[in-house]
Amino acid sequence: MIDTLLSSIGHVFTLTHLLFMMIGIFVGLLVGIIPGLGGIAGMALLLPFLYGLDPGYALGMLMGMVAVIPTGDTFASVLMGIPGSSASQATVLDGFPLAKKGQAARALTSAFLSSLCGGVIGAIILTGFILVARPLVLAFSSAELFVLTLLGLTMVAVLSGKNLFKGTAACGLGLLVGAIGAAPATGEYRMNLDIDYLYDGVPLIVLGLGIFALPEIVELLLGRGSIAKNGNTDLGKGWSAGIKDVVKNKWLVARCAGIGSLIGTIPGLAGSVVDWITYGFAVKTAKDPSQFGKGDIRGVIAPESANNACACGAMVPTLLFGVPGSGTAAVFLGGLLLLGLEPGVSMITTNLDMTYTIIWSLALANILGAGLCLMLARPVAQLTRVPFAILAPAITVLILFAAYQASRSLGDWAALGMIGMIGVLFKSAGWSRPAFLIGFVLAPGAENYFYQSMQFHGAEAFLRPGVLIILGLILLAFFLPVIRKAIMRRRQTHEVVETAPSPEEDVLESRGFGGVDFLLLLMMGAAALWALYDVKDLMPLGKAFPTLAAFITLLSVIAVVFNGWRRGMIRVKQPAFKAVGAVLGFFVLIGVSALLGFVSTAVLFCLGFQLTIARKSPLFAGLFALGVAVFLLGMQAAMNLHYPTGLLDDVVLPMIPFL
Amino acid sequence: MSIIVSTPKRQTLKRHARTTALAFMLPVMGLMPLSSAVHAAAEVPDTLTWTVPFGVGGGTDVWARFMSNWVTKDLPGNPAVVIDNVPGGGSITGVNLFSKRAGDDGDEMVVTSASTQYPAMLRDRRVRYDYADWEPIFAAPTGGVVYASSSLGKDSASALEALASQEVKFAGQNPTGLEMPVLMAFDLLDFQVDPVFGMKSRGEGRLAFERGEVALDFQTTSAYKSNVTPLVDAGQAVPLFSLGVMDDEGHIERDPSFPDLPTFSELYLAQEGHSRDDEAYQIFHKFFASGYAMQKMLLVPKDVDPELLELYRQAARDLAKDPEFLKEAAEKVGPYGLMVGKAAATQLQEAMQLSEAEHEWVKNWLMERHNIRLQSR
């Protein structure tokens, strides 16, 4: 085994291998940084090179790409509040607030350094673990997967702030939206309104963009100014501050990397829960968790060190069983098939050298990729200094671009607008958007694994040792903070120091009630009732889950109302008219794009925006619009993407030479 | 996203040289007959666009890319192939789009798979394409093996016996997908099977088998060879039967990859009172033909110039006999030959048409056996 290990290192460090790996890394960073693209787009770019290449080199290239995607997507998460891929959703929660505080460089540096450490730790764990992992992977049945999904769902309690029932209502709505489409047990279609687009359900990227990115853009736009609010901070300091943060939190990095690589090895779950579980872990273990969600650097470090480690762990089921653990791993599996490598037991026997080439490439690519990003961090962080009115049209076009890549249908844009509306309302009334997202992401797993574990094991499913261990962990996660708080309180009474953080804010958060709250409660109640009506004729197994989700939503809505009535509500103003108006404007933009064509509309929109709203010179506006056009057409040519065409595109685009 | 798959450069040069040589020799050779391919009046387009209704890196995409490298080799002019991936709706979205847009110039083709064929046969509401509008150029089969846990019996005879009396679980994806004929086969053999659906791939089904959650499983040939053979060698699994392969006349024969394993048809027909004319068997046969014997297909709109279609088919026939191709295909996409031209067209038409009564039978079977309501047009 040692021989194989060393000979693989020798292979990885040959010049040719490094060269091919660098190609992979560049492609991976490119598709990672641009939101909406991801492993599949990267694969499309690499394919022409893959054919006929020596499998060792091809694997290096593939690994280079796969390894750095969860690193590159941090840029969009931190700088623009756009969750670039499913691996970087939790990063948005604290990364973007940090950028708003003018600490983008610090957040990026910590994120990349944690990614690097996480990736390397993950690769080291993988080296030994892959040889003995078979029994562990087999120990995880659908029952264990179900309770792990539950563990992910309990994070809602951690993330929903002072008003728990608003959190569960948001989560319930997320579960409902996640249940749109085919029922896993019966194949029946649910809640799709007979719209073709909804047969597949709402794509994750569209939901992430709508719930996080759109409301942030709207708020920034209405508030004017730049992303970074306090303009005096010296951005140069960010670098050393970021490095210090990681060193200070080295144990958090190590633990999250460990959790990430272990969860990564579980097939069928990995990518979707790992960042929430580690984020929740960071919140739970922090001595002072009050700053999470408002810009706590640990909220960036935890998910970032976990997601690269998770990408390493995900290699275990992919290589050993041919069952990918995450979206990126699925892409990698496709690559293996293209190379004519069939995953299976042979990967740790006859093809062990290939496996170690993969693992070492993974480690090296993590180091090189994070290194490149670290160099980029400081200059790119300057973007947060630019007045937002200038950036806004570019980011809007980027979001439209990203959303349309999800399924290349106008439905993507319509869904984006709708979810964006929910996001704006949630944001202005302080409802938990992460809770909604968690519900959505975990809905399919929760439903499917519960159903399967009941079918396979019956009620005994919950007596399996693995299940009991995980359930114990969940209880621990819930009660540990309670116990700790009790101890803290006792100490505090001894010292007679009351340092309750800003009580007024807390009271408003738990008891405030405004017009948007009212509107949301009404909408959620109606949505839940409609869902109940829609699924009433389905087979029992097809309707069980949406019914449950609808009841969670309904009961939470009732609980919010009841609590408000019992504790007394404090009337608060929740101005949302302007924001809602902005989203309606967004719908107009979508409509015009569908009519005239995306490229023309994007150019006209940028021109008009810079001239009238940002009040820039015609020269600047022209150059800016030209830049956007070059980006869109360049991407189209390089990756053969498709945009919606329309009246104007059909006339103008053919006139441009070189296309 | 689509990628131009470059045609082998050397090949183009060689062909060019050959054409030049021919041009010089023509006046000398006078009336010497030339190969029909060079002489055909039909013009092969420079670029062929293949719509692949699946994402990059999936099984059908890998197959299409592999085939695109080979099939143009025997076409005059070595056209380039552009693969256009249009995923969504389990392949229905992309094929609907192709059906709406494709012209009959012969440069647009569509690659389909069992998950495109089955919804059309089951009259899924979303399907807006009709196989009668297209002509197949070639079709590629896949095989598969049903195996059981050795806890049911040390050899296939005892395991088969146990299956008839003892209820076992089977982990599947959904009852109307690729596993449908396999589930029908279980019923036809009177197995007591209790299926659990919702697996995301056949690989997950195999994991459930290895965990001991199910005692019966099915894998297609390549996955069986790499992942189940070790289990058989270790005495954990017992192979029961293969689905077999179909010859040009539509008869099911033993799978060349598993010559020692009986086919499902052998087992079924050996039982008393069973015949090929049984309605359930005929329906199984149709789904087997369109889902396995012709699992992946390349098709063109039927209004394309017949001479051009014949050129394409000739290229496919040449390819099907090319030993180099067969060798590489065996390594990369499975050890089966291609079904070409008229034979493919006839088998396709026969398989794809379910009579009203047959459709009703499937509907009832799904309802009674699996508690699934077929939402068809």
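The exercises below, each with a worked solution, concern a predicted model of two protein chains, A and B.

In this predicted model, local features need pLDDT of at least 70 and side-chain atom pairs count only at pLDDT 80 or more, whereas totals for chains, interfaces and linings use all residues. Residues are numbered from 1 along each chain as its sequence is written, chains are lettered from A and ligands numbered from 1 in the order in which they are written, and side-chain values use heavy atoms, with hydrogens and water left out.

**Exercise 1. Describe the overall form of chain A.**

Solution. Begin with the secondary structure, which for chain A comes to 28 helices and 4 strands; helices (H or I, at least four residues) and strands (E, at least two) are DSSP runs, numbered from the N terminus. Next take the extent: the C-alpha trace of chain A spans about 70 × 70 × 60 Å along its principal axes. The radius of gyration, taken over C-alpha atoms, is then set against the globule rule of 2.2 Å times the number of residues to the power 0.38. For 659 residues a compact globule would have a value near 26 Å, and the 25 Å of chain A agrees with this. Finally, 58% of the 659 residues of chain A count as buried, where buried means under 20% relative accessible area, exposed over 50%, and partly exposed in between (1.4 Å probe, protein chains only). Of the contacts in chain A with a separation of 6 or more, 80% are between residues 24 or more positions apart, a contact being heavy atoms within 4.5 Å.

**Exercise 2. Characterise the interface of chain B and chain A.**

Solution. The size of an interface is often given as the accessible area lost when the parts come together. Here chain B and chain A bury about 4100 Å² between them, with 53% of it on carbon and sulfur atoms; this buried area is the accessible area (1.4 Å probe) lost on being put together, summed over both parts. The contact takes 45 residues from chain B and 51 residues from chain A.

The next step is to look at the polar terms. The rule finds 3 salt bridges across the interface, each a side-chain nitrogen of Lys or Arg within 4 Å of a carboxyl oxygen of Asp or Glu. One of them joins Arg128(B) to Asp196(A), whose closest N and O atoms are 2.3 Å apart. On the side of chain B that touches chain A, the elements giving two or more residues include β1 (2-5), α3 (59-71) and α8 (202-211) of chain B, and the largest share, 7 residues, comes from α8(B).

**Exercise 3. Examine α8(B) and the salt bridges in and around this helix.**

Solution. First consider burial: α8(B) is mostly covered, with 9 of its 10 residues buried, among them Arg202(B), Leu207(B) and Phe209(B). Arg202(B) itself has a relative accessible area of 11%, and its side chain meets that of Asp217(B) in a salt bridge (2.4 Å, N to O). This pair links distant parts of the chain, 15 residues apart, since Asp217(B) is in strand β9 (residues 216-220) of chain B and Arg202(B) is in helix α8 of chain B. Asp217(B) is buried, at 0% relative accessibility.

Then turn to a second pair, Glu213(B) and Arg211(B), whose side chains meet in a salt bridge at 3.1 Å, N to O. Glu213(B) counts as buried at 9% relative accessibility, while Arg211(B) is partly exposed at 22%. Just after α8(B), Gly212(B) takes a positive phi of about 85°.

**Exercise 4. Locate the residues other than glycine with positive phi, Arg615(A) and Asp190(B), and state their exposure.**

Solution. Most residues other than glycine have a negative phi. Arg615(A) has a phi near 55°, lies in the loop between α26 (598-613) and α27 (618-639) of chain A, and counts as exposed at 68% relative accessibility. Asp190(B), with a phi of about 60°, is placed in the loop between α7 (180-188) and β8 of chain B, and at 46% relative accessibility counts as partly exposed.

**Exercise 5. Trace salt bridges within chain A.**

Solution. Start from the total of 28 salt bridges over all chains. Asp245(A) pairs with Arg106(A), the closest N and O atoms being 2.5 Å apart. Because Asp245(A) lies in helix α11 (residues 237-248) and Arg106(A) in helix α7 (residues 104-139) of chain A, the pair ties together parts that are 139 residues apart in sequence. Asp245(A) counts as buried at 9% relative accessibility. Lastly, Lys100(A), Glu216(A), Glu219(A), Lys427(A) and Arg433(A) are linked in a network of salt bridges.

Terms used
Buried area = accessible area lost by both parts, 1.4 Å probe.
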